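Have your viewer ready and the selection tool at hand. We will begin with the whole chain and then zoom in, stop by stop.

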Amino acid sequence: MKKETMGFKGGFHLLDAYPLSVCNIIDEISSDSTPETFQFPVFGQKIKHVIVNLCPTEPWALPNWVILKHKTIVFLNMIKEIQKTYFSDARLYLAITEKEDRVVEEARNFAGGEDWIRVFSLSAKYPQDDPVILTKIVLGMDVNFGQDTKPFGILILDPQTISAMHEQGIMRKDVTSRYLALSGTGLRENEIIHVELGTSVEKILKNKVREAVTFRVFINGPLRGKEITDFSQKIDWSVNNIVVLEEKNRKALFPMFKADELAFTTNLIGESRRCVYCNFCDDICPVDLEPALYYHSYVRGEKHKARLYNMGKCIECGLCSFICPSKLELQKIIIECKALGKHE
Ligand code: SF4
Ligand code: SF4
């Protein structure tokens, strides 16, 4: 691993820290009823900028090769047709991970001196692909977390949506399935699946979870996604990946301890752990916030005060909770404090 990818200043190279290999056989999974159909996006506003996000930064996210199929030119021609048909007044921006230098090179050759398309090669540091950060890097514009970018004339699309728009809008074929990445320590193997829209999570996970493990399931990853407990939930177009993690609440002890006799767990019993003022959370925050400050205001009962320190800029990436050695629930606290503003 290169030295510069090991630190955690303003983000974290999750792809280098947790490399993931996936089985390259793509399993087809059908729903047990009529599949749902991809809803072609409707744009009420005039779109001036279309950013195509080809910079996944999470190991569990769907990799680009699944959609590009190692035929970048075919994909680029799709983009060209879409631009001509739907966004003829807009400029296209390809934000491509620098890890895929061949794709970057092919895109640059394709773009040549054309005015309608620009290519950006981006570091794959998480959360570089967050809409707030992408918009800032590519367009130099500020949008807030969770804000709809369309009123600003900005559309951010992933490669799979580009492909579906082409298939349904230009080739006139209904799109009723999508690709998903399935990974995690609770599964027999990491894999890519092609699944009909409307299929339940329960059906997808059938025979894929390791036997005799308790597990937790996250839609769109453990950092930015949501944990689900109702597995009858159906897959819609917004689902990019499912992560299944084995529930581990026991500490692995050094060999000199009698691990069988000592039941140490990671459960909190009584008081939660202390902030050790390491500043790791401040360092890793990609938008220069100070999560420890929020934490200390929160535990003093000053939730409103915490919100005074730019908390609205938080993009809820979860890196502060991830890096905290005391495993304090910083992101959860921030979300709780931010919600106070919404209810006032
Ligand atoms: S969750 Fe918010 S405060 Fe924490 S690191 Fe991410 S942006 Fe910063
Ligand atoms: S990372 Fe955790 S322990 Fe370190 S300063 Fe932040 S809140 Fe405190």
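Start with everything selected: among contacts (heavy atoms within 4.5 Å) between residues at least 6 apart in sequence, 68% join residues at least 24 apart. A word on what you are looking at: this is a predicted model, in which local features need pLDDT of at least 70 and side-chain atom pairs count only at pLDDT 80 or more, while totals for chains, interfaces and linings use all residues. Residues are numbered from 1 along each chain as its sequence is written, chains are lettered from A and ligands numbered from 1 in the order in which they are written, and side-chain values use heavy atoms, with hydrogens and water left out.

**The whole protein**

Switch to cartoon view and you should find twelve helices and ten strands, which are DSSP runs numbered from the N terminus (helices H or I, at least four residues; strands E, at least two). The radius of gyration, taken over C-alpha atoms, is 22 Å, close to the 20 Å that the globule rule (2.2 Å times the number of residues to the power 0.38) gives for 344 residues, so the protein is as compact as a globular protein of that length. Along the principal axes, the C-alpha trace spans about 65 × 50 × 45 Å. Of the 344 residues, 45% count as buried, meaning under 20% relative accessible area, with exposed over 50% and partly exposed in between (1.4 Å probe, protein chains only).

**Strand 7**

Now select residues 191–196. Six of the six residues of this strand are buried, so strand 7 is largely enclosed by the rest of the structure. Show side chains: Glu 191, Ile 193 and Val 195 lie on one side, Ile 192, His 194 and Glu 196 on the other, and all are buried.

Which strands pair with strand 7? Add residues 23–29 to see strand 1, which pairs with strand 7 in the parallel sense over four bridges; pairing requires that DSSP finds at least two bridges. Here Asp 27 stands opposite Ile 193. Then add residues 177–183: strand 6 runs antiparallel to strand 7, joined by six bridges, and Arg 178 stands opposite Val 195.

**Three loop stops**

Go to Pro 127, in the loop between strand 4 (117–122) and helix 5 (131–139). The peptide bond from Tyr 126 to Pro 127 is cis, with omega near 0°.

Next, pick Asn 207, between helix 7 (201–205) and strand 8 (215–219). Its phi is near 65°, a positive value in a residue other than glycine, and at 63% relative accessibility Asn 207 counts as exposed.

Finish at Asn 310, in the loop between helix 10 (303–306) and helix 11 (319–323). Asn 310 has a positive phi of about 60° and, at 48% relative accessibility, counts as partly exposed.
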